[in-house]
Amino acid sequence: HGTYLDNLHDIAGDNPVILLANKVDLLPANVNQDRTLRWIRKELVRRKQKVKVSKVYLISTKDGKNIEAAFNDALRLAEGPEEGPRNIFVVGAANVGKSSFVNRLLKLSREAREEEETQDADLTDAIEEISLDLDDYLLESDPIEDLDEDE
């Protein structure tokens, strides 16, 4: 069933959450990913989670699958409504890939900056979109112990 923080609502409150299911690269090729996403959402309901999940992504920090799309969605959410920008927190249980996720983002950022340096003065919108200013938004937590793990 994977690793999930039963106390996620206590951590996130009413803030929007993007749920990342890592290690999708380990699933058999014939697994229906839409069905997997539906199962994850049903698990949230079954566990009576009150988190405000805006999107669920199947990701792979190993091969980079859906990393950029997930972070771009997080950046859009971080822009926030009228009260101003929000921080992005990467939280999860131990050994689920939080640091690997952040390292993938840093790699994307470096690649974008290198590509910008080789472009002419008028950069394309796509390059600007993937240029990540991680210092303004991203905070990574230490592993969070799930207090209800004994169940």
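**Figure 1. The largest pocket of the predicted model holds about 1,500 Å³ of space.** Its lining counts 46 residues. Nearest the centre of the pocket lie Ile18, Leu19, Leu20, Ala21 and Val91. Six elements are drawn on here, each giving two or more residues to the lining: α1 (8–12), β1 (16–21), α2 (33–46), α3 (67–79), β3 and α4 (98–118). By class, 30 lining residues are nonpolar, 10 are polar and six are charged.

**Figure 2. Ile11, Phe89 and Val91 make up a nonpolar surface patch.** Together these residues have about 260 Å² of accessible area. Phe89 sits in strand β3, which spans residues 88–90. The relative accessibility of Phe89 is 55%, so Phe89 counts as exposed; the cut-off for that class is over 50%. Val91 also appears in Figure 1, among the residues nearest the centre of the largest pocket. Strand β3, the strand of Phe89, is one of the elements that give two or more residues to the lining of that pocket.

**Figure 3. Glu43 pairs with Arg46 and with Arg47.** The structure holds three salt bridges, and this view shows the two at Glu43. Between Arg46 and Glu43, the N to O distance is 2.9 Å. Between Glu43 and Arg47, the N to O distance is 3.4 Å. Arg46 and Glu43 both belong to helix α2. They are three residues apart there, about one turn of the helix. The accessibilities of the partners span three classes. Glu43 has a relative accessible area of 10%, so Glu43 is buried. Arg47 has 25% and is therefore partly exposed. Arg46 has 51% and therefore counts as exposed. Helix α2 also gives two or more residues to the lining of the largest pocket.

**Figure 4. Asp73 and Arg76 form a salt bridge in helix α3.** The closest N and O atoms of the pair are 2.6 Å apart. Because Asp73 and Arg76 are three residues apart in the helix, about one helical turn separates them. Asp73 is buried, because its relative accessible area is 17%, and the buried class is under 20%. Arg76 has 47% relative accessibility, so Arg76 counts as partly exposed. For comparison with Figure 3, salt bridges that share partners join Glu43, Arg46 and Arg47 into one network.

**Figure 5. Asn103 in helix α4 and Thr61 are shown as a pair.** In sequence, Asn103 and Thr61 are 42 residues apart. In space, their C-alpha atoms are 8.5 Å apart. Asn103 has a relative accessibility of 48%, so Asn103 counts as partly exposed. Helix α4, which holds Asn103, is among the elements that give two or more residues to the lining of the largest pocket.

**Figure 6. The protein chain, as context for the close-ups, has six helices and four strands.** From the N terminus on, the order of elements is α-β-α-β-α-β-α-α-α-β. The chain has 151 residues, of which 32% count as buried. Two of the salt-bridge residues shown above, Glu43 and Asp73, are buried.

Notes:
Residues are numbered from 1 along each chain as its sequence is written. This is a predicted model: local features need pLDDT of at least 70, side-chain atom pairs count only at pLDDT 80 or more; totals for chains, interfaces and linings use all residues. Side-chain values use heavy atoms; hydrogens and water are left out. Patches are made of residues with over 30% relative accessible area and no salt bridge: like charges are joined within 9 Å, nonpolar side chains (Val, Leu, Ile, Met, Phe, Trp, Tyr) within 5 Å. Accessible areas come from the Shrake-Rupley method with a 1.4 Å probe; for residues, only the protein chains shown count as cover. A salt bridge is a side-chain nitrogen of Lys or Arg within 4 Å of a carboxyl oxygen of Asp or Glu. Buried means under 20% relative accessible area, exposed over 50%, partly exposed in between (1.4 Å probe, protein chains only). On a 1 Å grid over the protein atoms alone, a cavity is a set of points where a 1.4 Å probe fits but cannot get out, and a pocket is an open set with protein on both sides within 12 Å along at least five of seven lines; lining residues have an atom within 4 Å of a point. Grid points are joined across faces, edges and corners, and a volume is the space filled by probe spheres set on the points. Ala, Val, Leu, Ile, Met, Phe, Trp, Tyr, Cys and Pro count as nonpolar, Asp, Glu, Lys and Arg as charged, and the others, Gly among them, as polar.
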